[in-house]
Amino acid sequence: MSQLTLLLLQGGFLVLLWFFVFGVVYSLRADLFGVKVRKLPEPVASPAPAAAAPVASPDAVTTQVKRPSAPAPAPAGGLATTATVSRIVITSGPKAGLELPLGTEPLTIGRSSESGLVIRDDYTSSHHARLVLWGEQWMLQDLDSTNGTSHDGTRVAAPVQVKVGAPIKVGATTFELRT
């Protein structure tokens, strides 16, 4: 083999090695720090937030509590509004049966200990999805998770309005909003 061929092979191997190193560092950075979260546009009009008190579940899941004075009838189409939704119920997965009260604050779902609903599951991203109160409607937003989020059997690509009782699947866990 000539010296030039050997030098080109060594240079190519070195470049390939650096691509591999940068790929590993990028992957670790995404796992440790998450990805950038897109913001929802501000709602047109929102009522003043009610008084909220923190509530801790057995698995150190923390969320804000809002107690409705009286349950209101479900709106047409079954969409989840602040008047009709008071809790989130996990129907299948590692934490099946767990119920969390909802307030007016966004609820982040993921593996990270910073999430409002922590799901320790190999198919759940650190910051997987988010439930946000937008005006009077509860919206579900996928946070660019690896395995995606589905609502009522449809994959969520953009923020969607949540229907009361419709299954929401995050990783291997399924939950729904209830009154």
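## Salt bridges and strands: a short briefing

With a relative accessibility of 14%, Glu176 counts as buried. That makes Glu176 a good place to start, since the side chain of Glu176 meets that of Arg178 in a salt bridge. The model is a predicted one, and the notes below go from its salt bridges to its strands and then to one serine in a loop.

**Glu176 and its salt bridge**

- The N to O distance between Glu176 and Arg178 is 2.7 Å.
- How exposed is Arg178, the partner in this bridge? Arg178 is partly exposed, at a relative accessible area of 28%, whereas Glu176 is buried at 14%.
- Buried here means under 20% relative accessible area, and partly exposed means between that and 50%, so Glu176 at 14% falls in the buried class and Arg178 at 28% in the partly exposed one.

**The other salt bridges**

- In total, the model has 3 salt bridges.
- Another of them joins Arg87 and Glu99, whose closest N and O atoms are 2.8 Å apart.
- This pair links distant parts of the chain, 12 residues apart: Arg87 sits in strand 3 (residues 87-92) and Glu99 in strand 4 (residues 99-101).
- Both ends of that bridge are partly exposed, with Arg87 at a relative accessible area of 24% and Glu99 at 43%.
- Lys163 and Asp152 also meet through their side chains in a salt bridge, at 3.6 Å from N to O.
- Where do Lys163 and Asp152 lie? Lys163 is in the loop between strand 11 (160-161) and strand 12 (168-170), while Asp152 is in the loop between strand 9 (149-151) and strand 10 (154-155), so the bridge ties together parts 11 residues apart in sequence.
- Lys163 is partly exposed at 35% relative accessibility, and Asp152 is partly exposed too, with a relative accessible area of 39%.
- As a general point, side chains of opposite charge can pair when their charged atoms come close.

**Strand 13 and its partners**

- Strand 13 covers residues 173-178, and 5 of its 6 residues are buried, so the strand is largely enclosed by the rest of the structure.
- Strand 3 runs antiparallel to strand 13, and 5 bridges join the two.
- Within this pairing, Ile88 stands opposite Leu177 in strand 13.
- Strand 12 is also antiparallel to strand 13, joined to it by 3 bridges, and here Lys169 stands opposite Thr174.
- Strands 12 and 13 form a hairpin with 2 residues between them, and Gly171 in the turn has a positive phi of about 65°.

**Strand 8 and its sheet**

- How many of the 6 residues of strand 8 (residues 137-142) are buried? The count is 6 of 6, so the strand is mostly covered.
- In a regular strand, side chains alternate between the two faces of the sheet.
- Both faces of strand 8 are covered: one side carries Gln137, Met139 and Gln141, the other Trp138, Leu140 and Asp142, and all of these are buried.
- Strand 7 and strand 8 run antiparallel and are joined by 6 bridges.
- Ala129 stands opposite Asp142 in strand 8, and Val132 has Met139 as its bridge partner there.
- These two strands also make a hairpin with 2 residues between them, where Gly135 takes a positive phi near 70°.
- Strand 8 pairs with strand 11 as well, in the antiparallel sense over 2 bridges, and the partner of Leu140 in strand 11 is Val160.
- An open sheet of 5 strands runs in the order 6-5-7-8-11, with mixed pairing.
- Why is one side of strand 6 and of strand 11 left without a neighbour in the sheet? Strand 6 and strand 11 stand at the edges and each has a single partner strand, so one side of each has no neighbour there.

**Ser126, a buried residue in a loop**

- Ser126 lies in the loop between strand 6 (117-118) and strand 7 (129-134).
- Is Ser126 buried or exposed? At 16% relative accessibility, Ser126 counts as buried.
- Setting aside its neighbours within four places in sequence, Ser126 is in contact with Asp31, Gly110, Arg111, Ser112 and Ser115.

Methods: Residues are numbered from 1 along each chain as its sequence is written. This is a predicted model: local features need pLDDT of at least 70, side-chain atom pairs count only at pLDDT 80 or more; totals for chains, interfaces and linings use all residues. Side-chain values use heavy atoms; hydrogens and water are left out. A salt bridge is a side-chain nitrogen of Lys or Arg within 4 Å of a carboxyl oxygen of Asp or Glu. Helices (H or I, at least four residues) and strands (E, at least two) are DSSP runs, numbered from the N terminus. Buried means under 20% relative accessible area, exposed over 50%, partly exposed in between (1.4 Å probe, protein chains only). Two strands pair if DSSP finds at least two bridges between them. Contact means heavy atoms within 4.5 Å.
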